[in-house]
Amino acid sequence: MAQVRTGGRVYLDKQSPTAYQALVRTADAVRTTAAEAGLDRVLVELVNLRVSQINGCASCLDVHTRAALRAGETTRRLGVLAAWRDTELFTARERAALALAETTTDPADALAQERAYGQAREVLNDDEISAVLWVAITINAFNRVSILSRHPVRDVRA
């Protein structure tokens, strides 16, 4: 395989395209699962963004901010997403999904996990909970690929 590097890092998606395409196919299946569960695109993108914020993935934040805006999300809500608990701008369903996403990203806190599941059970059905968890699991994987590869975010204005 040809080596593809940036700043001493291997671009995992280019170096191991078969493995990366398997991850892309997983994302496609998860997108279908989310749609079939009734999750709207804005909610899915909020989960993608919150997980990417926690992980500090600039590349995924760039991609999913644009996707959220295309889906109809507002800049106001995107601007306060990191502090979603401290606002009244998010619905009960969105709050439940964001709590599940956070506990999926940092699963070590068993108490937080139980609270997130309890909150989710009040407003989401099993299909919706499963879909949210799969969205969070998948974006976590993409975050790792992008962070470890140091995928750049380029200024498109230049």
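This is a short talk on one helix pair and two cysteines in a predicted model.

I'll start with the helices. Two packed helices are described by the angle between their axes and the distance between the axes. Here the pair is α3, residues 41–55, and α4, residues 58–70. Their axes come within 9 Å, and the crossing angle is roughly 155 degrees. Angles over 145 degrees count as roughly antiparallel, so α3 is roughly antiparallel to α4. The crossing of α3 past α4 is left-handed.

Which residues make the contact? From α3 there are E45, N48, L49, S52 and Q53. On the α4 side they meet C60, L61, H64, T65, A67 and A68. By type, the contact of α3 with α4 has five nonpolar residues, five polar ones and one charged.

C60, in that contact, brings me to the cysteines. A disulfide is a covalent bond between the sulfur atoms of two cysteines. How many disulfides does the model have? The count is zero. Take C57, which is in no disulfide. The nearest cysteine sulfur to it belongs to C60, and that sulfur is 3.3 Å away. The cut-off for a disulfide is sulfur atoms within 2.5 Å, so C57 and C60, at 3.3 Å, are not counted as one. Seen from C60, the nearest cysteine sulfur is that of C57, again at 3.3 Å, and C60 is in no disulfide either.

Are these two cysteines buried or exposed? C57 is buried, with a relative accessible area of 1%. C60 also counts as buried, at 7% relative accessibility.

That is the end of the talk.

Notes
Residues are numbered from 1 along each chain as its sequence is written. This is a predicted model: local features need pLDDT of at least 70, side-chain atom pairs count only at pLDDT 80 or more; totals for chains, interfaces and linings use all residues. Side-chain values use heavy atoms; hydrogens and water are left out. Axes are lines fitted to C-alpha atoms, for helices over the stretch in contact, and angles run from 0 to 180 degrees between N-to-C directions. Helices (H or I, at least four residues) and strands (E, at least two) are DSSP runs, numbered from the N terminus. Angles under 35 degrees count as roughly parallel, over 145 as roughly antiparallel, 65 to 115 as roughly perpendicular and the rest as oblique. A crossing is left-handed if the near helix is turned anticlockwise from the far one by less than a right angle, and right-handed if clockwise. Contact means heavy atoms within 4.5 Å. Ala, Val, Leu, Ile, Met, Phe, Trp, Tyr, Cys and Pro count as nonpolar, Asp, Glu, Lys and Arg as charged, and the others, Gly among them, as polar. Buried means under 20% relative accessible area, exposed over 50%, partly exposed in between (1.4 Å probe, protein chains only).
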